[in-house]
Amino acid sequence: MKLFGHPFSSYCQKALIAFYENHVPFDLRLLADAESFGELEAVWPLKKMPALVDGETTIVEASIIIEYLGVRYPGPVALVPSSPEAALPVRTLDRFFDNYVMTPMQKIVGDSLRPADSRDPHGVSEARKQLETSYRWLEGTLQNREWAAGAFSLADCAAAPSLFYADWVHPIDAALAKVRKYRQRLLARPSFARAVDEARPYRPLFPLGAPDRD
Ligand SMILES: N[C@@H](CCC(=O)N[C@@H](CS)C(=O)NCC(=O)O)C(=O)O
């Protein structure tokens, strides 16, 4: 299988966790230049990473890539419960992390890349407010759970890079101890630790400046 992506991309890290959890082999097509992006565009005109090509099949969207691996290349770690009912909270939390943590985090990062006269301070302020609300909601939701929805799952694949980068752009308040500890547990999970390590060389590229931690 060929995975179009980049180690520093949050959504690629989300998918990489699933590959690493179950030791599924793949070749990375590093998206680093016009030629590689041209290849991506040929299979996925929206040019978003990650995209997975498995023979004649192209699978896009990190969540669906993770679901696909579970269906076609199952391993010991079932990231989506086989029972449709048990899968609902996992998918709900996956949506929560993508829509309400990753999206506002990307808004803040993306805004910093705009020319000074095209910035969107109102949008960035709304994104920061949304992150605050998400962090608080998560603090109440995690309770004493080790992972977001019980066993390690798709939801944690989404949580890991979203909380990792969100804390860089809008630090999680010290009072939200459960969220902060959950983020640390995610960083200690070998699959995510590997993805974070592979992305280390690219930290100088982080537009807002990567903090000297993690
Ligand atoms: N909904 C997509 C989002 C993917 C996404 O936003 N990827 C970013 C990198 S983290 C990307 O491709 N950015 C390049 C661009 O927007 O041109 C998913 O879940 O996979």
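## The ligand and its pocket

In this predicted model, the ligand is surrounded by Ser9, Ser10, Tyr11, Lys48, Met49, Pro50, Glu61, Ala62 and Gln106. Sorted by class, this shell holds 4 nonpolar, 3 polar and 2 charged residues.

Let us begin with the polar contacts. Which residues place a polar atom 2.5 Å, 2.8 Å or 3.0 Å from the ligand? They are Lys48, Met49 and Ala62. Lys48 uses a polar atom of its side chain, and its partner is an oxygen atom of the ligand. Met49 takes part through a polar backbone atom, which faces a nitrogen atom of the ligand. Ala62 also works from the backbone, with an N or O atom paired with a ligand oxygen. As for cover, the ligand on its own has 510 Å² of accessible area, and the protein covers 71% of that.

Where does the ligand sit? Its place is the largest pocket, which offers about 940 Å³ of space. Around this pocket are 29 lining residues, and those nearest its centre are Ser9, Ser10, Tyr11, Met49 and Gln106. These five names also appear in the shell around the ligand.

Three helices each bring at least two residues to the lining of the largest pocket: H1 (10–21), H3 (62–72) and H4 (84–112). Which of the elements gives the most to this lining? That is H4, with 8 residues.

A second pocket is worth a visit too. The second largest pocket has 19 lining residues, with Glu67, Gly70, Val71, Leu79 and Val80 nearest its centre. Helices H3 and H4 are the elements that supply two or more residues to that lining. Here H3 gives the most, with 5 residues. H3 and H4 therefore turn up again, as both also contribute at least two residues to the largest pocket, under the helix assignment used here.

The two pockets can be set next to each other:

| Pocket | Volume | Lining residues | Classes in the lining |
|---|---|---|---|
| Largest | about 940 Å³ | 29 residues | 15 nonpolar, 8 polar and 6 charged residues |
| Second largest | about 260 Å³ | 19 residues | 13 nonpolar, 4 polar and 2 charged residues |

To follow this on the structure, you might start at Lys48, whose side chain has a polar atom 2.5 Å from a ligand oxygen. From there, go on to Met49, where the polar backbone atom is 2.8 Å from a ligand nitrogen, and then to Ala62, with its backbone atom 3.0 Å from a ligand oxygen.

Conventions
Residues numbered from 1 in each chain as written. Predicted model: local features only at pLDDT ≥ 70, side-chain atom pairs only at ≥ 80, totals over all residues. Heavy atoms only, no water. Near = heavy atom within 4 Å. Polar contact = N/O pair within 3.5 Å; in protein donor to acceptor, adjacent residues only side chain to side chain. Areas by Shrake-Rupley, 256 points an atom, 1.4 Å probe, with all protein chains shown as cover. 1 Å grid on protein atoms, 1.4 Å probe; cavity = no way out; pocket = protein on both sides within 12 Å on 5 of 7 lines; lining within 4 Å. Sits in = over half its atoms within 2 Å of the grid points. Nonpolar A, V, L, I, M, F, W, Y, C, P; charged D, E, K, R; others polar. Points joined across faces, edges and corners; volume = space filled by probe spheres on them. Helix = DSSP H or I, 4+ residues; strand = E, 2+ residues; numbered from the N terminus.
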